[in-house]
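Work through these exercises with the model open beside you. Try each task before you read its solution.

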Amino acid sequence: MADTSNQYNDQIEKCRGLFISKMHDYGSAWRILRLPSLTDQIFIKAQRIRGLQENIEQKIAEDETSEFIGIVNYSIMALIQLEKGVVEQPDFSIEEATQLYDEQVVKTKQLMLDKNHDYGEAWREMRVSSLTDLILQKILRVKQIENNSGKTLVSEGIDANYQDMINYAVFALIHLDAK
């Protein structure tokens, strides 16, 4: 599992680097996004990945990697929004946003390590297309929870679903890097 931890860190560093670069370019404009908007952004990324996996012809020269990175970053933004709330105007410096990003990564990675222990690294035998489908399933679950005003009867909350999407996307990035 030490290998998984290092591979996870490597992929998160790529995602984090892009997050910081976009914070430099755009500031924290994403802070105005409500959770359903972030969920829809993740949905668009996952649908694009599925299209790339199924379509023979591709008209935009981007691969799955950039879309999985987008899923990681939008999911982390959603976790931050869950914790801090939505604002009317951008309010985070690069440093503050990066600190909050890192805090979410620590929690999400620990969840991955715990589940990875219990499931015996089953994700290593999974296909990237299956990870994509699981992300889409999690998105649909989040949309249903959002439609229910955040209430669930027996299911985990929205935050756990965002964390799972992050972890599935990181697993996909690890697989893609190994190709």
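Three exercises on this predicted model follow.

**Exercise 1. Check the length of helix α5 (residues 128-147) against the span expected at 1.5 Å a residue.**

Solution. Start with the count: α5 has 20 residues. The expected span takes 1.5 Å times one less than that number, so α5 should cover 28 Å. Now compare: the end C-alpha atoms lie 29 Å apart, which agrees. Next, look at what α5 packs against. Its buried residues, including L131, I135 and V142, pack against α2 (35-54), α3 (64-84) and α6 (158-178). After α5 comes S149, with a positive phi near 60 degrees.

**Exercise 2. Describe how the axes of α4 (residues 94-119) and α6 cross.**

Solution. Two packed helices are described by an angle and a distance between their axes. Here the axes come within 9 Å and cross at roughly 70 degrees. The range for roughly perpendicular is 65 to 115 degrees, so α4 and α6 are roughly perpendicular to each other. Residues in this contact include L111 and M112 of α4 and I166 and F171 of α6. By class, the contact has 4 nonpolar, 3 polar and 3 charged residues.

**Exercise 3. Classify the ring pair of F19 and Y101.**

Solution. The whole structure holds 4 aromatic pairs. In the pair of F19 and Y101, the ring centres are 4.6 Å apart and the planes meet at 35 degrees. Stacked needs under 30 degrees and edge-to-face over 60, so this pair is tilted. F19 sits in α1 (residues 2-26) and Y101 in α4, so the pair ties together parts 82 residues apart in sequence. Are these residues buried or exposed? F19 is buried, at 3% relative accessible area. Y101 is buried too, at 0%. Finally, F19, W30, F92 and Y101 form one aromatic cluster.

Note on methods. Residues numbered from 1 in each chain as written. Predicted model: local features only at pLDDT ≥ 70, side-chain atom pairs only at ≥ 80, totals over all residues. Heavy atoms only, no water. Helix = DSSP H or I, 4+ residues; strand = E, 2+ residues; numbered from the N terminus. Buried < 20%, exposed > 50% of the residue type's maximum accessible area, 1.4 Å probe, protein only. Contact = heavy atoms within 4.5 Å. Axes fitted to C-alpha atoms, helices over the stretch in contact; angles between N-to-C directions. Parallel < 35°, antiparallel > 145°, perpendicular 65-115°, else oblique. Nonpolar A, V, L, I, M, F, W, Y, C, P; charged D, E, K, R; others polar. Phe/Tyr/Trp six-rings, centres within 6.5 Å; stacked < 30°, edge-to-face > 60°.
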